[in-house]
Amino acid sequence: MKINADLVARTALTLLDRVGLDGLTMRLVATELGVQAPALYWHVKNKQELLDAMAVRVFLAAVDGVESPRRGEDWADWIAELARRLRRAMLGHRDGARVFAGSSIAHPALYRTIELTLRTLTDAGFDSRDAVRAFGTLYHYTVGYTIEEQARIGTAYGADNPYDPDRFAEAVDPQRFPLAAQVLDTLFDPDADAGFEHGLRLIINGMR
């Protein structure tokens, strides 16, 4: 088996699902590939470069098949679906959003996606600088929301998940915090899809 950066990244993503980001090491990836750790450094210089390569694969999964809006398709529907695709791709791996956040994606697909997005928004009447800032806001919302969403699953805590809704209910005194107690079921909303869509609408309505 010939090792290359793509194989290393795919192997690391498989291991990520098993051990999480905190358990992922270069040594573990090397062992999975049946080589010594120094052999990996021919393909990725350090763990951050490994994370970058993993983030590229997540991004490629998100934008696979993305094209310009169809005739008559509203820009808001198009950009909302792009955000949904990115969230789904990150959710496809344990700690996928943490891997993605802050990683460098130096791949032509990124610049193609940016160009498609800017073209879509400027065609809709946005100034190019307003377009890129608006898209940046949506992008950061999507990544940040998904980081929090995956954290609330509580995988890192095992059986003692502090995000358990019952634990929040026990912790919030309705006499001291009556408003918070009334909305606990929404504040820590178990329906992550609905929460994401609500935030998405807020941002897109602001863009309008």
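**Exercise 1.** Are Trp 75 and Phe 126 buried or exposed? Describe how their rings meet and where they sit along the chain.

*Solution.* Keep in mind that this is a predicted model.
- Step 1: Start with the surroundings. Trp 75 and Phe 126 are both buried.
- Step 2: Count the aromatic pairs in the structure; there are six.
- Step 3: Look at how the two rings meet. Trp 75 and Phe 126 make one such pair, with centres 5.1 Å apart and 80 degrees between the planes. Over 60 degrees counts as edge-to-face, and that is the label for this pair.
- Step 4: Place both residues. Trp 75 belongs to helix H5 (residues 75–91), while Phe 126 lies in the loop between helix H7 (108–123) and helix H8 (128–153). With these positions 51 residues apart, the pair links distant parts of the chain.

**Exercise 2.** Now work through the pair of Tyr 141 and Phe 196.

*Solution.*
- Step 1: The ring centres of Tyr 141 and Phe 196 are 5.4 Å apart, and the planes differ by 15 degrees. Planes under 30 degrees apart count as stacked, so this pair is stacked.
- Step 2: Tyr 141 is in helix H8 and Phe 196 is in helix H12 (residues 192–207), 55 residues apart, so distant parts of the chain are linked here too.
- Step 3: Tyr 141 counts as buried because its relative accessibility is 18%. Phe 196 counts as buried because its relative accessibility is 0%.
- Step 4: Look at the face of Phe 196. Arg 87 lies over it, at 4.9 Å from the ring centre.

**Exercise 3.** Which residues do ring pairs link into a cluster?

*Solution.* Follow the ring pairs: they join Phe 59, Phe 100 and Tyr 139 into a cluster.

Definitions and conventions
Residues are numbered from 1 along each chain as its sequence is written. This is a predicted model: local features need pLDDT of at least 70, side-chain atom pairs count only at pLDDT 80 or more; totals for chains, interfaces and linings use all residues. Side-chain values use heavy atoms; hydrogens and water are left out. Rings of Phe, Tyr and Trp (its six-membered ring) pair if their centres lie within 6.5 Å; planes under 30 degrees apart count as stacked, over 60 as edge-to-face and the rest as tilted. Helices (H or I, at least four residues) and strands (E, at least two) are DSSP runs, numbered from the N terminus. Buried means under 20% relative accessible area, exposed over 50%, partly exposed in between (1.4 Å probe, protein chains only). A charge sits over a ring if NZ of Lys or CZ of Arg is within 6 Å of the ring centre and within 35 degrees of the ring normal.
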